[in-house]
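Got your viewer open? Load the model and get ready to click along, one selection at a time.

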Amino acid sequence: MNYVIIGNSIAAVGCVEGIRSRDKTGSITIVGDEPYPVYSRPLISYLLLGSTDEEHMKYRPDDFYEKNHVKTYLGRRAEKVNSAAKTVTLEDGTVLTYDKLLLATGSKPFVPPMAGLDSVPEKFTFMALDSAKALEAALKPASRVLIIGAGLIGLKCAEGIADRVGHIDVVDMADRILPSILDEEGSAMMQKHLEKHNIRFFLSDSVAQFTENTAALKSGKTLDFDILVVAVGVRPNVELAQQAGCEVSRGICTDTSCATTVKDIYAAGDCAKSYDITTDTDRILALLPNAHMQGMTAGANMAGGQESYTALPMNAIGFFGLHIITAGCYDGEAYITREPGVYKKLITKDGLLKGMILIGDIARAGIYTSLIREKTPLSTVDFDLIKEHPQLMAFAKKDRKIKLAGAKQEGDA
Amino acid sequence: MKRVYVNEEWCLGCHLCEYNCAFANSGEDYMPKALKDKTIYPRIQVEEGDGVNFAVSCRHCEDPICVKSCITGALSKEDGVIKVDTDKCVGCYTCIMVCPYGCVMPAPDGHVIQKCELCTQNACGEPACVKGCPNHAIVYEDRG
Ligand SMILES: Cc1cc2nc3c(=O)[nH]c(=O)nc-3n(C[C@H](O)[C@H](O)[C@H](O)COP(=O)(O)OP(=O)(O)OC[C@H]3O[C@@H](n4cnc5c(N)ncnc54)[C@H](O)[C@@H]3O)c2cc1C
């Protein structure tokens, strides 16, 4: 069997691991346009923060490719997929043939058209090791930095550089920060926390006109800056999929086996949609664990397996020591706890835990996450107890025996 | 695979396992020096309830979701033991978000995580929590 993977990141690694769990000998080839062995993309902000380095950013040990007998074409772009001939053509004309192909092309920064953007000399995105290195080279202790986008990536960038620059301004069209994972109260709490660290926010606002060093905002304010970072969002890389004839609607459409609509082509990670069990919809979930696990399932199935992948949106992220864990969806009845430095919201509906927002107190959060993922009826646990703190005491004794004493699930042999 | 299993009927809630865990992982060789007047950060936690107590530590799952979800590659499973490479970990707490047993926790400094590694990475060599349990409320054995 001849496997080709386009993209050399998290979903690709998952795919290799999935393939090798079933097929030790088939040939695997990875094409990746970044000139590095696989690294952890989220760590680019920690690199600027100084809490990791390129060596420790490696997502897998140096012998990963060799051990798994993977041939790599790194620093090379795949230009064309021909699904009839089952070939992939690289930018230098090399043609690879495949029996099974994985599209693991991830996403790219979205840079919306903004007036005068071309006149800004020092502008960056924040998605890849090279973009982080370029930004780092431009940083000076007195730099005034303007970040467009108060989402996860823009704010992780802000955290990474806050102590290395003069000040940071963040502009976002939304009326609050981190709107994709937080509710209003959570956003306000995080904003206050970030403001203590040299970061100013300009919300419900956007840039009307850039000059070399200024941004005139729609509100009439003008911000001076030396360095601009555009982090308004990401878009999936779907061009190859479209070319190959795969159905695409924003992301590459996949079924729970991670197959696309074209025979022998699979997709996983940020470029693909996955089935979100909490909203019952197919969505792009640009999250690292999702990319790895979807890639693993794709790989296992490319090697003849019958595995199925469904996803749960979830985020663990921290800023300057204040940690957030969120999961699921927030439509339902809310149970809220507030303490100094802590905001906790659990959302229930139809007798199930559907979602959560935890800020400041994240201890044992996975017990909640598993209630959401497993769709555990809350009638089978002591919800009053578990509401206070996640704990296994809230489960029935027979369930604890399964969890902690090696007892078998009823119906298991 | 040998694992730490819980006999909750026998747990007295004495917390000795927590102290032995903290001591084994302290790098010290004298318990009073390691623990006296200090807040301890054990990797095993006793849950106390109405007449029921039990100690919870990493299950070293067959198919560990913490390892699959780790964003840095710091968590791995070797010879049945789930280990953390604290030089790679950045303390994002993704593993804390996904562990269904609540058995991964922030390390005392808050910059990395810690978890039970069955005392394979410290001088004890076998689970100190089990060794010191006066009532066999936790045992280290192979139950398949
Ligand atoms: C700053 C930042 C912080 C983040 N923090 C978190 C976090 O804390 N938690 C979390 O869960 N997620 C986080 N993410 C998201 C996470 O990084 C992604 O979900 C994950 O990297 C997706 O993996 P992937 O393999 O699908 O794609 P990607 O990592 O995007 O990789 C795709 C690769 O394919 C390459 N490629 C694309 N087209 C081609 C082609 N035609 N030929 C060859 N190669 C190609 C790309 O260059 C890239 O190297 C963060 C992302 C960023 C940018």
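Here is a short tour in three stops: the place where two chains meet, a hairpin, and the ligand. Keep in mind as you go that this is a predicted model.

**Stop 1: where chain A meets chain B**

Color chain A and chain B separately, then select the residues where they touch. You should pick up 40 residues of chain A in contact with 37 residues of chain B. Together the two chains bury about 3300 Å² between them, and 60% of that is on carbon and sulfur atoms. Now highlight R364(A), M393(A) and L404(A): this trio supplies 20% of the area that chain A buries against chain B, more than any other three residues.

Next, look for the charged pairs. The count between chain A and chain B is 4 salt bridges. To see one of them, show the side chains of R400(A) and E8(B), which meet in a salt bridge at 2.7 Å, N to O. If you turn on polar contacts as well, the count between the two chains is 17 residue pairs, both partners at pLDDT 80 or more.

Which elements of chain A give two or more residues to the side that touches chain B? Select helix 8 (288-302), strand 23 (314-319), strand 24 (322-328), helix 9 (365-374) and helix 11 (397-404) of chain A, and you have them. Helix 9 of chain A gives the most, with 6 residues. Try coloring this side of chain A by residue type, too: it divides into 19 nonpolar, 12 polar and 9 charged residues.

**Stop 2: a hairpin in chain A**

Move over to residues 78-82 and 87-90 of chain A. These are strand 4 and strand 5, which run antiparallel and are joined by 4 bridges. Click on V81(A) and you'll find V88(A) of strand 5 standing opposite. The hairpin has 4 residues between the strands, and K86(A) takes a positive phi near 55° there.

**Stop 3: the ligand**

Finally, select the ligand and show what surrounds it. There are 32 residues around the ligand, and the ones that come nearest are S9(A), D33(A), E34(A), R41(A) and D270(A). Zoom in on D33(A): a polar atom of its side chain lies 2.4 Å from an oxygen atom of the ligand.

Backbone atoms are worth displaying here as well. At A78(A), a polar backbone atom is 2.9 Å from a nitrogen atom of the ligand. At L288(A), a polar backbone atom is 2.9 Å from an oxygen atom of the ligand.

Definitions and conventions. Residues are numbered from 1 along each chain as its sequence is written. Chains are lettered from A and ligands numbered from 1 in the order in which they are written. This is a predicted model: local features need pLDDT of at least 70, side-chain atom pairs count only at pLDDT 80 or more; totals for chains, interfaces and linings use all residues. Side-chain values use heavy atoms; hydrogens and water are left out. Contact means heavy atoms within 4.5 Å. Buried area is the accessible area (1.4 Å probe) that two parts lose on being put together, summed over both. A polar contact is a pair of N or O atoms within 3.5 Å; within protein, one must be able to donate a hydrogen and the other to accept it, and residues adjacent in sequence count only if both atoms are side-chain atoms. Ala, Val, Leu, Ile, Met, Phe, Trp, Tyr, Cys and Pro count as nonpolar, Asp, Glu, Lys and Arg as charged, and the others, Gly among them, as polar. Two strands pair if DSSP finds at least two bridges between them. A residue is near a molecule or strand if one of its heavy atoms lies within 4 Å of it.
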